[in-house]
Amino acid sequence: MTRIVHFTDMHLRWHQSGSAIDPLRLSREMPTLLDRFSKCLENHNPDVLVMSGDVLDTPGIVLRGGSPDHKTHDEWIEDAKADFTLVKEWFEGTSIPYVVVPGNNDHEGAFASVFGGPPEPVDIAGLRFFCFWDELSDEQQPLRNGQRKALFDAAMTDNAHNCPQIHVHHYMIAPPIFAKNKHYQYLTADELRADMERGGRVRAVLSGHYHPGTLISGSTVHSGAPAFCEIPHPYRLYDLFEDGRTVVTDHSVEA
Ligand SMILES: [Fe+2]
């Protein structure tokens, strides 16, 4: 049995000033909460930690090359790097292997300068983890194209990847969700899901983005964990058994 702990949408700010616009997102409490989360992990003893993006809450204007205040854009990027470094040091401090991807509120360049990338498949605890740094269309719908689609196709069809896989990305494949006037699933979600079902290699798709969270059980689990930044600070645990069963349980730091 392999155990994964998954959390997502932390929206942390510490070196970056201010907090997320949505007051439910407790950006400035996240460093303290991570310390409490570490104690939860000691009880669960996971083999792998997965964080599926929106690690930070960097203002949209900074992501687009500007600044919302007196600080320059470059100063904001340095603060974002310091926040990513805070999170990286927390991961390293757990001594648990981890997988982390950026979300749409993370600056990809700052993320890559701290965590490295673009990502390659990595084998941990008998599973092959594929990470996808996808993008949004002008209509804010997730897209998988170019090199990310090529990586997905290789995962599905290359003999070298004929092994149990976990796919980690910020955006969701299933179920389709339309909220806040935008689609949360990929434009090609049906096609991606059908390819996965046909190939039979993917044990779980771990994502975030839609803060209330979603879950589809089955031989391929589609799990969008609820947002860690909001009370009661939820996270998910997956026990993957060798007979193909996956048991999913919900937990929270506050519980
Ligand atoms: Fe988010």
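1. Strands β4 and β5 run antiparallel and are joined by three bridges; strands here are DSSP E runs of at least two residues and helices H or I runs of at least four, numbered from the N terminus, and two strands pair if DSSP finds at least two bridges between them. Val 122 stands opposite Phe 129 in β5. This is a predicted model, in which local features need pLDDT of at least 70 and side-chain atom pairs count only at pLDDT 80 or more, while totals for chains, interfaces and linings use all residues. Residues are numbered from 1 along each chain as its sequence is written.

2. The pair just described belongs to an open sheet of six strands with mixed pairing, in the order β4-β5-β8-β11-β13-β12. At its edges stand β4 (122-124) and β12 (214-216), each with a single partner strand, so one side of each is left without a neighbour in the sheet. On average, neighbouring strands of this sheet are turned by 20° against each other, direction ignored; axes are lines fitted to C-alpha atoms, for helices over the stretch in contact, and angles run from 0 to 180 degrees between N-to-C directions.

3. Helix α5 (residues 146-157) packs on this sheet, where α5 touches β5 and β8. The direction of α5 makes about 160° with that of β5. Contact is taken to mean that the C-beta atoms of two residues, placed from the backbone, lie within 7 Å.

4. Now for β8 itself, which is worth following from one neighbour to the next. Strand β5 (residues 127-132) runs parallel to β8, with five bridges between them, and Phe 132 has His 169 as its bridge partner in β8. Strand β11 (residues 202-207) also pairs with β8 in the parallel sense, over four bridges; here Val 168 has Leu 206 as its bridge partner in β11.

5. How much of β8 is covered? Five of its five residues are buried, a residue being buried if 20 or more other C-beta atoms lie within 10 Å of its own, exposed if 12 or fewer, and partly exposed in between, with C-beta atoms placed from the backbone. Gln 165, His 167 and His 169 point one way from β8, and Ile 166 and Val 168 point the other way.

6. A loop residue also deserves a look: Ile 173 sits between β8 (165-169) and β9 (178-179). Ile 173 is buried, with 25 other C-beta atoms within 10 Å. Leaving out residues up to four places away in sequence, Ile 173 touches Gln 185, Tyr 186, Ala 189, Leu 192, Arg 193, Val 205 and His 222. The C-alpha atoms of Ile 173 and Gly 224 are separated by 9.3 Å, although these residues are 51 apart along the chain.

7. Turning to the other sheet, five strands form an open arrangement in the order β3-β2-β1-β14-β15, again with mixed pairing. Its edge strands, β3 (98-100) and β15 (246-252), each pair on one side only. Neighbouring strands of this sheet are turned by 20° against each other on average, direction ignored.

8. Strand β1 (residues 2-7) has a partner on either side in the strand order. With β14 (residues 234-240), β1 pairs in the antiparallel sense over five bridges, and with β2 in the parallel sense over four. Ile 4 appears in both pairings: Tyr 238 in β14 stands opposite Ile 4, and Val 48 is the bridge partner of Ile 4 in β2. Together β1, helix α1 (residues 30-44) and β2 make a right-handed β-α-β unit, meaning that, with the strands pointing away from the viewer, the path from the first strand over the helix to the second runs clockwise.

9. Strand β2 (residues 48-51) is covered on both faces: Val 48 and Val 50 on one side, and Leu 49 and Met 51 on the other, are all buried. Its pairing with β3 is parallel, over three bridges, and Leu 49 stands opposite Tyr 98 in β3.

10. In helix α4 (residues 108-115), Ala 110, Phe 111 and Phe 115 are buried. They cover an arc of only 110° around the axis, which puts them on the same side of α4; the arc is that of the directions from the helix axis to the C-beta atoms. The buried residues of α4 pack against α3 (73-94) and β3. Just after α4, Gly 116 takes a positive phi of about 85°.
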